[in-house]
Amino acid sequence: MNGIGLATKIVNHEVNKAGLVDLIGEVGEINVQGEAQQKLDLMANHTFIETLSKREIVCGIASEEEDSFISINSFDMQNKNKYVLLIDPLDGSSNIDVNVSVGTIFSIYRRVTPIGSPVTIEDFLQKGRNQVAAGYIIYGSSTMLVFTTGKGVNGFTLNQALGTFYLSHPNIKQPEDGAMYSINEGNADFFTTGLNNYLRYCKAGDDDKMPYKARYVGSLVADFHRNLLKGGIYLYPKSAFDRQGKLRLLYECNPIAFIAEQAGGGESDGKGSVLDIEPTELHQRVPFFTGSKNMVKKLESFLKIDDN
Ligand code: P6P
């Protein structure tokens, strides 16, 4: 966590000055996701990898920006370190050029292969339930590090003048209900019947319920963080052209789901917890819904119609 805190301060500094020193824009490369890589994406990826590689803690790192995992040798050139890190170094990076909040998402597991042996892909393809820690950093109006080690969720705000993190949000609990929904409705023509029925429910107002507010930043970390504190639901469903959904299971959905569960919230792939999915590929995508517990349950009830 100290290594992640140090990398956060470096990335935060670069994100804040990006517009001044030509760190904005695309580098003209395409990553494994087929997405145009932003200069800050690569800077953040390099920073987290370099910072975490030199601390005798992780034996391997998998990143959204890297085709495969990176094996990290300990100083004695053995693979004696016992944790692996999976990371989305700069999520929502398409928002960078327009000064909208972006974030980093990370997930930490104990390796499953013997200490000292070479790290392998099976150390990374673990169920989300095996996570020992998970968190995100949001580079917004303030920079916050929010994480869990399985004993609740705490939020730390970076004091930029002193370079220290202050426990500003102890023991975060997500409201069980909310009145905000976050989804890219531009894809509605490609959603399932159940999903569109749920969206109609969100917009309906009657004696029992006011219409929900639509709040969608286009940055998972920003939308999740707001819904975590105020209540609400984030939805990225499968669709006719995102048949598996868009979000990556290992370094976006699982860490966010672990935090949601630890904060008393809900999370789902539409049928059940993403934390129970047996991963098969490093960059696999899944449909992902997370937010206030009762909102996720209501969504799952609407999605049952899609099983027929
Ligand atoms: P769309 C960013 O690329 C991201 O992975 C999430 O942070 C965000 O919620 C989503 O994709 C935005 O996707 O299709 O609405 O632009």
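UniProt positions follow the numbering used here, feature names are shortened, and annotations may be inferred rather than shown by experiment. The model is predicted: local features need pLDDT of at least 70, side-chain atom pairs count only at pLDDT 80 or more, and totals for chains, interfaces and linings use all residues. Residues are numbered from 1 along each chain as its sequence is written, and side-chain values use heavy atoms, with hydrogens and water left out.

**View 1. The annotated site at Glu-64, Asp-88 and Leu-90.** An unreviewed UniProt entry gives these residues the feature "binding site". They are spread over 27 residues of sequence but cluster in space, with a largest C-alpha distance of 9.0 Å. Glu-64 sits in the loop between strand E3 (58-63) and strand E4 (70-71). Helices (H or I, at least four residues) and strands (E, at least two) are DSSP runs, numbered from the N terminus. Glu-64 is buried, at 3% relative accessible area. Buried means under 20% relative accessible area, exposed over 50%, and partly exposed in between (1.4 Å probe, protein chains only).

**View 2. Leu-90 in strand E5.** Leu-90 counts as buried, with 1% relative accessibility. Beyond its neighbours within four places in sequence, Leu-90 is in contact with Val-11, Leu-40, Asp-41, Ala-44, Ile-96, Val-102, Gly-103, Thr-104 and Tyr-139. Contact means heavy atoms within 4.5 Å.

**View 3. The shell around the ligand.** Residues near the ligand (a heavy atom within 4 Å) are Asp-91, Gly-92, Asn-184, Tyr-216, Gly-218, Ser-219, Leu-220, Tyr-234, Tyr-236, Lys-246, Leu-247 and Glu-252. By class, the shell has five nonpolar, four polar and three charged residues. Here Ala, Val, Leu, Ile, Met, Phe, Trp, Tyr, Cys and Pro count as nonpolar, Asp, Glu, Lys and Arg as charged, and the others, Gly among them, as polar. A second "binding site" annotation, from an unreviewed UniProt entry, covers residues including Ser-93, Asn-184, Tyr-234 and Lys-246. Ser-93 lies in the loop between strand E5 (83-91) and strand E6 (102-110). Ser-93 is buried, at 14% relative accessible area.

**View 4. Ligand oxygen atoms and their protein partners.** A backbone N or O atom of Leu-220 is 2.7 Å from a ligand oxygen atom. A polar side-chain atom of Tyr-234 also lies 2.7 Å from an oxygen atom of the ligand. For Tyr-236, a side-chain N or O atom is 2.6 Å from a ligand oxygen atom. The protein covers 82% of the 400 Å² of accessible area that the ligand has on its own. Accessible areas come from the Shrake-Rupley method with a 1.4 Å probe; for residues, only the protein chains shown count as cover.

**View 5. Tyr-234 and Ser-182 in contact.** Tyr-234 lies in strand E13 (residues 233-236), and Ser-182 lies in strand E11 (residues 180-182). Tyr-234 is buried, at 3% relative accessible area. Ser-182 is buried too, at 0%. Apart from neighbours within four places in sequence, Tyr-234 has contacts that include Tyr-216, Leu-220, Leu-247 and Phe-288. On the same basis, Ser-182 touches residues including Arg-215, Tyr-216, Arg-226 and Leu-235.

**View 6. Glu-300 in helix H6.** Helix H6 spans residues 293-303. Not counting residues up to four places away in sequence, Glu-300 touches Ser-268, Gly-270, Lys-271 and Gly-272. Glu-300 and Ile-105 are 195 residues apart along the chain, and their C-alpha atoms are separated by 25 Å.

Methods
A polar contact is a pair of N or O atoms within 3.5 Å; within protein, one must be able to donate a hydrogen and the other to accept it, and residues adjacent in sequence count only if both atoms are side-chain atoms.
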